[in-house]
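Reader: Hey, I've just opened this one and I'm a bit lost. Could you walk me through it?

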Amino acid sequence: MRVYENKLYQEDVSYAAKLNLPWERLQNSTIILSGATGLIGSFFVDVIMFRNETYHMACQVYALARDEKKARERFLYCWKNSWFHFVKCDINKPIVIDNIKEGSYILHMASHTHPVAYATDPIGTITTNIIGLKNMLDFSLRHKAERMVFLSSNEIYGENNGDTEKFNEKYCGYIDCNTMRAGYPESKRCGEALCQAYITQKGLDIVIPRLTRSYGPTMQITDTKAISQFIKRAVLNQDIILKSSGTQYYSYIDVVDAVTGIFTILFYGECGEAYNIADNNSDITLKELAEIIASYSGRKVIYEVPDKTESAGYSRATKARLDSSKLEQIGWKAKYDINTGLQRTLRILAQTKIE
């Protein structure tokens with residue numbers, strides 16, 4: 001069974017697609033998104049395709065990704081649909097798509113988002129967040145986009161300086177920029193600054209969702225984030241491996257709520273503004289997270305020392321909790337707390353082939 005064929009997953013897609021949002025703005029429109037096969041992008045595409053089929057929204061979706069085979073497998077259900085278009089491309093090269101009408105919605109979701117990728121491809125990590133973004137911004141200019149969305153990260157906040165419990169959108173913590181690991185957060189920071197430059201100098205309409213640590217059944221099996229590895233091992237009926245003391249205190253968000261947050265920002269966000277997407281009921285230490293997942297799967301938590309590559313890619317932040325009140329003020333509300341979201345994710349993946 002593929003994830004999009006799962007009944008629980010379909011319920012989540014339906015929930016997101018039926019929220020009280022101004023969907024009419026997407027009627028007969030075009031959406032172009034990079035990173036379409038990723039955790040967030042794939043769920044986003046599924047929501048649009050659901051609305052196309054259920055409400056005849058007639059929104060053309062252009063899904064950009066590097067791996068056509070992977071994309072075909074993920075979107076097999078809509079591969080030949082007249083509203084779906086796959087575009088194989090390297091986001092770090094100028095983007096050319098023929099016959100795109102003006103007034104499209106463009107989203108840059110492509111990015112390395114897990115530790116091993118940061119450590120083994122630090123150049124690609126940085127260039128996707130800066131050069132890839134610039135290519136999407138230039139594409140948006142050429143085609144007079146209605147709105148551009150740059151998916152940013154909680155990592156831009158750096159380390160908590162001990163002066164706040166939660167990060168609001170104005171907070172700026174410490175990052176040691178003279179390290180390999182700084183490539184991801186610093187390039188996200190630079191990407192946000194680049195967006196502000198295009199707003200001021202070119203007049204683009206841009207909004208910036210800042211996602212906290214995300215999880216869900218659309219996760220990539222190769223993802224080396226701690227939560228993704230915990231979930232994978234639980235589904236495979238293996239003990240959960242924790243490669244630290246687990247005292248890190250973070251915010252998390254289910255993919256359902258991540259995507260509804262992005263749609264809320266797409267429709268209601270103010271140009272130039274950044275919005276945290278996090279859930280007050282999903283703040284938890286890494287140790288507690290591992291123990292919860294282990295308890296759901298009937299396994300135990302094992303402590304191991306990370307290897308050199310893994311350690312090089314790990315975040316240095318020990319406390320990173322996000323304040324989502326700004327997003328809530330424009331109408332967003334999370335559906336799943338950490339317990340419910342994890343239970344649903346594990347149930348869906350247990351019924352889906354995972355290797």
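Author: Sure, and keep in mind that this is a predicted model. Let's start with overall size: for 355 residues, a compact globule would have a radius of gyration near 20 Å, and the protein comes out at 19 Å, so the two agree.

Reader: What box do the C-alpha atoms fill?

Author: Roughly 55 × 45 × 40 Å, taken along the principal axes.

Reader: And how many helices and strands are there?

Author: The protein has 12 helices and 14 strands.

Reader: How much of it is buried?

Author: Buried residues are 58% of the 355. As for the outside, the accessible surface is about 15100 Å², and carbon and sulfur atoms hold 49% of that.

Reader: What about contacts, what share links residues far along the chain, say 24 or more positions apart?

Author: Counting contacts with a separation of 6 or more, 81% are between residues 24 or more positions apart.

Reader: Okay, the inside then. Which residues have the most contacts in the largest nonpolar core?

Author: Those are Ile40, Phe44, Phe84, Ile231, Phe263 and Leu289, in a core of 88 residues. Helix H8 (residues 255–268) gives the largest share of this core, with nine residues. There's also a second, separate core of 25 residues, and Ile32, Met136, Tyr198 and Leu204 are among them.

Reader: Why would nonpolar side chains be buried together?

Author: That's a general tendency in soluble globular proteins.

Reader: Back to Ile231. What does it touch?

Author: Leaving out residues up to four places away in sequence, Ile231 touches Tyr215, Met219, Ile293, Leu342, Thr345, Leu346 and Leu349.

Reader: You mentioned H8. Is Leu266, which lies in that helix, buried or exposed?

Author: Leu266 is buried, because its relative accessible area is just 2%, and the cut-off for buried is under 20%. Past its neighbours within four places in sequence, Leu266 is in contact with Tyr105, Arg147 and Val149.

Reader: How far is Leu266 from Leu76?

Author: They're 190 residues apart in sequence, and 27 Å apart in space from C-alpha to C-alpha.

Reader: New topic: H9. What span should its 12 residues have?

Author: At 1.5 Å a residue, H9 should span 16 Å, and its end C-alpha atoms are 17 Å apart, which agrees.

Reader: Which of its residues are buried, and what do they pack against?

Author: The buried ones in H9 are Leu286, Leu289, Ala290, Ile292, Ile293, Ala294 and Ser297. The partners of those buried residues include helix H7 (226–235), strand S9 (240–242), strand S13 (301–303) and helix H12 (338–350).

Reader: What about Ala290, what's it in contact with?

Author: Not counting neighbours within four places in sequence, Ala290 is in contact with Phe230, Ile240 and Val301. Ala290 has a relative accessible area of 0%, so it counts as buried. Its C-alpha is 43 Å from that of Ser82, and the two are 208 residues apart along the chain.

Reader: What comes just after H9?

Author: Gly298, with a positive phi of about 70°.

Reader: Which residue follows H5 with a positive phi?

Author: Lys144, with phi near 50°. H5 itself covers residues 122–142, so 21 residues, and it reaches 30 Å from first C-alpha to last, close to the 30 Å expected at 1.5 Å a residue.

Reader: Where does H5 bend?

Author: At Thr128, by about 40°. Thr128 is also one of the buried residues of H5, and others on that list include Gly124, Asn129, Leu133, Met136 and Phe139. Met136 turned up earlier too, in the second core.

Reader: Now the loops: where's Ala58, and what's its phi?

Author: Ala58 is in the loop between helix H2 (39–55) and strand S2 (60–65). Its phi is positive, near 55°, in a residue other than glycine. Ala58 has a relative accessible area of 17%, so it is buried.

Reader: And Asn99, buried or exposed?

Author: Exposed, because its relative accessibility is 77% and the exposed class starts over 50%. Asn99 is in the loop between strand S3 (84–88) and strand S4 (105–108), and it has a positive phi of about 60° although it isn't a glycine.

Notes: Residues are numbered from 1 along each chain as its sequence is written. This is a predicted model: local features need pLDDT of at least 70, side-chain atom pairs count only at pLDDT 80 or more; totals for chains, interfaces and linings use all residues. Side-chain values use heavy atoms; hydrogens and water are left out. Helices (H or I, at least four residues) and strands (E, at least two) are DSSP runs, numbered from the N terminus. The bend at a residue is the angle between axes fitted to the seven residues ending there and the seven starting there. Buried means under 20% relative accessible area, exposed over 50%, partly exposed in between (1.4 Å probe, protein chains only). The radius of gyration is taken over C-alpha atoms; the globule rule is 2.2 Å times the number of residues to the power 0.38. Contact means heavy atoms within 4.5 Å. Accessible areas come from the Shrake-Rupley method with a 1.4 Å probe; for residues, only the protein chains shown count as cover. A nonpolar core is a set of buried Ala, Val, Leu, Ile, Met, Phe, Trp, Tyr and Cys residues joined through side-chain atoms within 4.5 Å.
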